[in-house]
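Here's a quick look at the charged pairs in this one. Have the model open while you read.

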Amino acid sequence: MTLESLCGAFGVSVDFIDRELSRFIANGRLHCTIDKVHGIVETTRPSTKTAQYEKVVKQGDVLLNSVQRLSKVLY
């Protein structure tokens, strides 16, 4: 989809669309990339393996933090 078509659909400027999409992409709320050279927005669907990996890493971090806190309490 082009940035121009998004601007026309929402009645805003290209700069506004670019800023807003960039913010949503950076926050992980949208899975897409902005090709400024060609003026298009492409979706990038994350794979399920990547999502599972990220979930396991986050859970591992939480577990490690809990174990570290527990060891401080015990010693």
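Helices here are DSSP runs of H or I with at least four residues, strands are runs of E with at least two, and both are numbered from the N terminus. With that in hand, Glu20 and Arg23 both sit in helix α2, 3 residues apart, which is about one turn of the helix. Keep in mind that this is a predicted model, where local features need pLDDT of at least 70, side-chain atom pairs count only at pLDDT 80 or more, and totals for chains, interfaces and linings use all residues. Residues are numbered from 1 along each chain as its sequence is written, and side-chain values use heavy atoms, leaving out hydrogens and water.

How many salt bridges does the structure hold? There are 2 salt bridges, each being a side-chain nitrogen of Lys or Arg within 4 Å of a carboxyl oxygen of Asp or Glu.

| Salt bridge | N to O distance |
|---|---|
| Lys36 and Asp18 | 2.9 Å |
| Glu20 and Arg23 | 2.6 Å |

The Lys36 and Asp18 pair links distant parts of the chain, 18 residues apart: Lys36 is in the loop between β1 (32-35) and β2 (40-43), and Asp18 is in helix α2 (residues 14-26).

Now for exposure (buried is under 20% relative accessible area, exposed is over 50%, partly exposed is in between, with a 1.4 Å probe and protein chains only). Lys36 is exposed at 56%, while its partner Asp18 is buried at 15%. In the other pair, Glu20 is partly exposed at 23%, and Arg23 is partly exposed at 42%.

Helix α2 also holds Asp15, which is exposed at 52%. Asp15 and Ile34 are 19 residues apart in sequence and 12 Å apart in space, C-alpha to C-alpha.
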